[in-house]
There are 4 protein chains.
Amino acid sequence: MTKLWGGRFEKPTDELMERFNASIGFDVRLYRADIAGSIAYARALERAGLLTPEECQTIVAGLEQVRAEFDQGRFVVQPGDEDIHTAVERRLHELIGPLAGKLHTGRSRNDQVATDTRLYLLWEIDRLQESLTDLQQAIVEKAEEGLGEPGHEVIMPGYTHLQPAQPVLFSHWLLSYFWMFQRDGERLAGLRERVATLPLGSGALAGNPFGVDREFLAQELGFARLAENSMDAVSDRDFIVEFLAWAALLQMHLSRLAEDLILFSSPGYGFVTIDEAYATGSSLMPQKRNPDSLELVRGKTGRVYGHLMGLLTTMKGLPSTYNKDLQEDKEPLFDVVDTLAMELPIMAGVVRTLVIHPQRMAAALDDSLLATDLADELVRQGVPFREAHRLVGQVVRRAGELGVSLCDLPLAEYRTISEHFGPSLYQALDFQRSVERRSGRGGTAPQAVREQIKRAKLAQMGQL
Amino acid sequence: MTKLWGGRFEKPTDELMERFNASIGFDVRLYRADIAGSIAYARALERAGLLTPEECQTIVAGLEQVRAEFDQGRFVVQPGDEDIHTAVERRLHELIGPLAGKLHTGRSRNDQVATDTRLYLLWEIDRLQESLTDLQQAIVEKAEEGLGEPGHEVIMPGYTHLQPAQPVLFSHWLLSYFWMFQRDGERLAGLRERVATLPLGSGALAGNPFGVDREFLAQELGFARLAENSMDAVSDRDFIVEFLAWAALLQMHLSRLAEDLILFSSPGYGFVTIDEAYATGSSLMPQKRNPDSLELVRGKTGRVYGHLMGLLTTMKGLPSTYNKDLQEDKEPLFDVVDTLAMELPIMAGVVRTLVIHPQRMAAALDDSLLATDLADELVRQGVPFREAHRLVGQVVRRAGELGVSLCDLPLAEYRTISEHFGPSLYQALDFQRSVERRSGRGGTAPQAVREQIKRAKLAQMGQL
Amino acid sequence: MTKLWGGRFEKPTDELMERFNASIGFDVRLYRADIAGSIAYARALERAGLLTPEECQTIVAGLEQVRAEFDQGRFVVQPGDEDIHTAVERRLHELIGPLAGKLHTGRSRNDQVATDTRLYLLWEIDRLQESLTDLQQAIVEKAEEGLGEPGHEVIMPGYTHLQPAQPVLFSHWLLSYFWMFQRDGERLAGLRERVATLPLGSGALAGNPFGVDREFLAQELGFARLAENSMDAVSDRDFIVEFLAWAALLQMHLSRLAEDLILFSSPGYGFVTIDEAYATGSSLMPQKRNPDSLELVRGKTGRVYGHLMGLLTTMKGLPSTYNKDLQEDKEPLFDVVDTLAMELPIMAGVVRTLVIHPQRMAAALDDSLLATDLADELVRQGVPFREAHRLVGQVVRRAGELGVSLCDLPLAEYRTISEHFGPSLYQALDFQRSVERRSGRGGTAPQAVREQIKRAKLAQMGQL
Amino acid sequence: MTKLWGGRFEKPTDELMERFNASIGFDVRLYRADIAGSIAYARALERAGLLTPEECQTIVAGLEQVRAEFDQGRFVVQPGDEDIHTAVERRLHELIGPLAGKLHTGRSRNDQVATDTRLYLLWEIDRLQESLTDLQQAIVEKAEEGLGEPGHEVIMPGYTHLQPAQPVLFSHWLLSYFWMFQRDGERLAGLRERVATLPLGSGALAGNPFGVDREFLAQELGFARLAENSMDAVSDRDFIVEFLAWAALLQMHLSRLAEDLILFSSPGYGFVTIDEAYATGSSLMPQKRNPDSLELVRGKTGRVYGHLMGLLTTMKGLPSTYNKDLQEDKEPLFDVVDTLAMELPIMAGVVRTLVIHPQRMAAALDDSLLATDLADELVRQGVPFREAHRLVGQVVRRAGELGVSLCDLPLAEYRTISEHFGPSLYQALDFQRSVERRSGRGGTAPQAVREQIKRAKLAQMGQL
């Protein structure tokens, strides 16, 4: 087929330039969206009197056949098919003849491709939202499984700066990721509304001169709003940037969960074991079992950040309306969608198959984790916290000098440092009590964590 | 004052390390948020029975005095003030004595700084939202001014690929930016809700052991929700990343508007003149009047993108809860806020003072811009658009060969190419009629643009 | 074939994980490097006495057959081929039996893949260096063509801030890009040395226990140095980051050249025409001829920057030695190589086929471009430059008020502003003389530009 | 002082625009470079006959006085000082009168600021090179200290994927960072040559019309080459981008060293202790000793990457020659220089004061680390490595099932798996022998590491 635009040209395009210019290699995956958009557009042309009902029916039937050929893997891309729009129109022309040439009336590839991409993304957003929800579900299940018996919950050292800080419930740690993903879900729902803005009917940049009904188009295609300005409509790629920025944040959360799990499954910690189904070995070292799944998730953060930065760069300082630079929007979008479509179920699988080792966690509990509880004990006896903190700092130092734990430091030593210390101090040095005291909303007390799980379930049902 | 944490340390901090570690140089600007947070926290401690009413009152009065000292530029940062929290507590201690040491009961700098930063950002978001609205207002005003007389609207060449495409109204072009900024405003309102999530009461990571009422804190400080998990709360920096990503998109729009105005004010175009108030000269070339304001806006895109990428990088793969890496969140945030707080009013000023040159625009209208209208004319006579496009392509080529415009190409030449051409074709070659035909929603027809302005005003009032 | 590492595993890998983990989809293109590395390694094993000469010969012949199968497109990737190393070894095993299992003695995929990637990149660097040189050649040719006749050189307005600044030779403008690409070439030669550092013989991380001769390996494979530390060697990806950073700078230069050409070929300027072979049309607007080639080059800057940022992100904060995250290094590398391998010849083609319009340039020369020459004239009469600048500023303003050019402003008006002006001032207002005065090295005077072209040719021959 | 460029302007600059435009807030730190450049330029003007010797002397003396005022903190920036060039010229004018106005003859701020920035960076590069060398020195010292006794070297588990891989010397691990920094040093020396390219004498864009001797200027200021094209010279910021890319790679290495040290000093590993001088505590938890220095180093990676990405973005697609966007080049440069100037000595301090715990390392050695040695043993008995790997994989699995280490697995069990196992296998299971076998260049054998230290010292002296 000749190009869609060659009429005024006298010379052929440079051969390398043909390849450089062509987008069919990647935009072919838009075929369903492209055909859906064309079917809706044909109907709108009929309503505007530019197609007879019979013509419209012929075009729609032809497009459905083209779609079927794609669905069944029978569609053969031809050398001249520079993009999906050309490919579909070329095939339609083969099937129904010159009538195919009426489909593009008043439409430009500028408003067409923007519509296709939005439609594609709307569909993918719904799939990703499901995968995200499933990962959250896996977290809630594992958090419930990992709670342990009432009064004997599974406690692990909580870290800040990767140094032991305070005892926390294992489930509390895991649930912290639930809320990160919850924010991601909320953001995705928010941006979906903006994706669902229809550019079709904007033409190349100036609008449609044939009275095509854009409200009808929006309804047919499931868009919630119309783009309000045709020049904006054809070069608005905010929706992709916004999606990539969303993905970058989600990816950041995934990278942190991966990092925690890589650490906690390394022998220095040993709190959890990653299932063999998500690990691999070494070609040299026969004993190895590496958490490749998690490392790849962590590593792919670069890819996603890079795509965000790439598209932002491409868009920077572009003159208004369509410029060919915009063709660079699709590969990053597709790659990010594909990446997340793999990562989310894999992470859900890793979480679901995670084996927890409460004994290893218990073994890692050192009573210096209770230093804050000791200070709090002084506070309860009227010592200002700042002073209590200073005194317990001295206790820790003294215990270190003597090489004993806080539990084993004699009362006399405590009282050398402050006479506010009394025998009751030893009761403060209890991991279970320590966690139980953090009982406010969001705290690590078992009852608070159980409440948190309830709220997580409500959040999943959209009822929070 | 001694450090807030030195009790257990035997050695002094390395001097260079002191400087490396200190954040007071930049977090001092959080003082109002820090003090507001501490006042609310003091009241919560009173409600929890950890402070008497008198103690609470003394602390609050002391904090208000510290704030007054800051407000009046009388606060003197001391060498040991490693951050704003230490500085305020140190000064409070000087003013009210050891009682100051009770303020930090159950609180950590981890939940404190997260609260401060959110509070600061909430305030700044409201200011930025106003500046953004004012820029949109300036656009609407100039679009109204630039419409021209009914039936004789100001028409300019619309460009795609920086090549002339179709005639559009000057106001239509300008309004395309209104809608970009409208999306920015919508996104800012959306993320504001997530900023307004309270971390206070999460302690270092495990929650608050003193029954502090977090709902009360949220109400006092104007937060809409509570963080649901203390471990997440202290290291959640999504709100900053999200804000930076928002800023990156806004900045991208600003860079495009700047680019358009730089081009349109360059002598090759000459459609507009940038007011001298926003231009500067050259130290060497006496004739120069450069659009520095716009170039700086365009150039600062790098800064904003860079900060987004920087914080994303910092957060990548961090183990959960607080790590000192998070201290790197504030400088990019502050710099982006400052940058936008300058750019938005400057861009509004540039738009408001822009001088429009309708004659220069008219002079740039070339009737090849009407080639599409010519094809549309054939479509109205039943020629399929694809065929019409091809025929007009040949017309353009033929006119080029003869060195005449489309208007001046004789009918005989047209009819050599297609007998569908008749004398009516010359009526299609009219700029005013061309724009008038694009009359659907979002099109460039004068009535559509007037409607668009109405909708823009509704959007500004939140009524769209 | 079974995995290279499955011995200790009891459970199969999750199916999605298999796909997530596999790199064969992209690392297959390393096959030539992989096989070259294996042949060299087989020979080293022979030298170390771990293979007999016959075994070595069998292995080498087998590997050559595998390579031939790849070269001829006959190699069939099997489901279990998780990466190129596995695929090659699997096929070798099919061809020569268990002897294939000796090839991996003392080698790990960690040192193998690092070697493969370096070898691949060395080859590509040499190709890119050639393409870059050809682009520079095209620039020099066009600059010579565009010089014009001695004494009547082709002069265009030079711009700063996209506002007319001073007259310059067209060729001087074009040559400015020669030197950017010259720096790129110099940098590429510099980094090539670091790419040519051999990791092979480092094993998984600890080194080779079989006395394999690494100097021999380096010589066989054309490497210039040995990695000095095995733990560094297996996770050193500096060479890729450095290459991507190099590409980002080159890409930045390409984006600027593209921008200049897009502007200069837009009708507001019209200084040049892009050949049709590098332009495309519109599906809607029959008259369009868009510089898509240049827009794509400009747009692809995002892609290249993004890959740089992506890999930097992936590497950030990784624990030392090999982590699976490193598998993310290859796709950005390949994509950047492919992108540049298209862009460089296309840009060379655009430059070679560029049509220059000296008349359009001459028409754009406005004598305000000579304001600096006017000030220089005063300087020659003893007025300090700063004062001369101020006076000429007033002249420009006065001419603007009167609506005349500097040439047409009467002497009397000049003398109202300063009595240093005399009739000789009008001689300063000459474009040819203006350029001729900038005669120092690097200036725009015709003789300086001719000298510059000579130096450019010397630079190309490595003799500068 | 009036602006350097106000002559033709009729209206004052908008007040906010003044602030937006001004760079004095940050470029003031270029004062030494700016004055050095002006002194050289004054001398060049004298040589060109544009200044008398007396005038030149007066100007130079005046400039030296201005420098002294800056050095002594006595220079007062005035409201009109929009940048460092204006500030210096304004002050010079106050000191020596209108003669000051001759200094800018034929010079533009465009070539001036490019020269200043290069000069500044040349000086900073030399300081950074020293700091980097000192960090390498610290690593070599600690590696020597950490070697242990011959025959009883300090061995730790080497990790890949953060899972135990093979035993390595502690010093071997540490030295891996030496070579990363060695590459950084090499790259820095390489780019320094390109920084030392002189733009001065290029004027605003067209060159210098007064015969100023650029070779003389280069010699005076310590530049190695001249920029060959004036239009390139005034907007070439490659040298900053290249420096930032260099810094990004260095920063990536620092982040990895920081990560390793954070991990190895966390209680799960406990291989090293970070000195208190580089640690800080918690405001809430009295027991804490956090490696803040290392976390900040890791966190600042974002800052450095962000600045690189920011400047690349700013430069993308800029029209050629100077655009005001370029003013955005300095803040990222200064911030990166400042960041590295803190980090390098801090990291050197951390390494120098690091306490090594050989017992903790020894305790972490598990004989599964020797699985590869076991396979190598089979290889020595003629089993192809791939088969040996598979057999040892089964051994590891069997040992796991029986809950015994490889040492304690009875020979009978071994022989069930393969009859190639004989009693000699137990000799393979020895950590000291394992490391000793990796004796090739770059391997972890004690003699190889000692050789590596020698080579590191040679490299430091530039003799490798």
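In the predicted model, L464(A) lies in the segment that follows helix 19 (446–460) of chain A. Together with L458(A) and M461(A), L464(A) forms a nonpolar patch on the surface. The accessible area of these three residues together amounts to about 280 Å².

The arrangement of the chains was examined by superposition. Two copies of a chain are related by a rotation about an axis and a shift along it. For chain B laid on chain A, the turn is 180 degrees and the shift along the axis is 0.0 Å, with an RMSD of 0.0 Å. The two copies are therefore related as by a two-fold rotation axis. Within chain B, the C-alpha nearest this axis belongs to A245(B), at 3.2 Å from it. The same surface serves both copies, since 99% of the contact residues of chain B recur in chain A.

Chains C and D were treated likewise. A turn of 180 degrees and a shift of 0.0 Å along the axis lay chain D on chain C with an RMSD of 0.0 Å. In chain D, the C-alpha nearest the axis is that of A245(D), which is 3.2 Å from it. Of the interface residues of chain D, 100% are also interface residues in chain C, so the copies meet through the same surface.

In chain C, helix 11 comprises the 24 residues 292–315. At 1.5 Å a residue, a span of 34 Å is expected for this helix, and the distance of 35 Å between its end C-alpha atoms agrees with that value. Because 24 of the 24 residues of helix 11 of chain C are buried, the helix is largely enclosed by the rest of the structure. Helix 11 of chain C is followed by G317(C), for which phi is positive, near 70 degrees.

Another helix of chain C, helix 9 (residues 230–235), contains V234(C). The relative accessible area of V234(C) is 0%, and the residue is therefore buried, the limit being under 20%. Apart from neighbours within four places in sequence, V234(C) is in contact with N110(C), D111(C), S202(C), G203(C), A204(C), L205(C), T321(C), Y322(C) and L326(C). By contrast with these contacts, V234(C) and R91(C) are 25 Å apart in space, C-alpha to C-alpha, and 143 residues apart in sequence.

In chain D, S202(D) occupies the loop between strand 5 (197–198) and helix 8 (214–221). With a relative accessible area of 1%, S202(D) is buried. Residues up to four places away in sequence aside, S202(D) touches D111(D), G207(D), R214(D), S230(D), A233(D) and V234(D). A separation of 50 Å lies between the C-alpha atoms of S202(D) and W173(D), which are 29 residues apart along the chain.

Helix 6 of chain D (residues 109–145) includes Q112(D). This glutamine, Q112(D), has a relative accessibility of 3% and so counts as buried. When residues up to four places away in sequence are not counted, Q112(D) touches D34(D), S38(D), H85(D), H104(D), R107(D) and L200(D).

Terms used: Residues are numbered from 1 along each chain as its sequence is written. Chains are lettered from A and ligands numbered from 1 in the order in which they are written. This is a predicted model: local features need pLDDT of at least 70, side-chain atom pairs count only at pLDDT 80 or more; totals for chains, interfaces and linings use all residues. Side-chain values use heavy atoms; hydrogens and water are left out. Helices (H or I, at least four residues) and strands (E, at least two) are DSSP runs, numbered from the N terminus. The expected span of a helix is 1.5 Å times one less than its number of residues. Buried means under 20% relative accessible area, exposed over 50%, partly exposed in between (1.4 Å probe, protein chains only). Copies are superposed by least squares on the C-alpha atoms of residues with pLDDT of at least 70 in both. Contact means heavy atoms within 4.5 Å. Patches are made of residues with over 30% relative accessible area and no salt bridge: like charges are joined within 9 Å, nonpolar side chains (Val, Leu, Ile, Met, Phe, Trp, Tyr) within 5 Å. Accessible areas come from the Shrake-Rupley method with a 1.4 Å probe; for residues, only the protein chains shown count as cover. A salt bridge is a side-chain nitrogen of Lys or Arg within 4 Å of a carboxyl oxygen of Asp or Glu.
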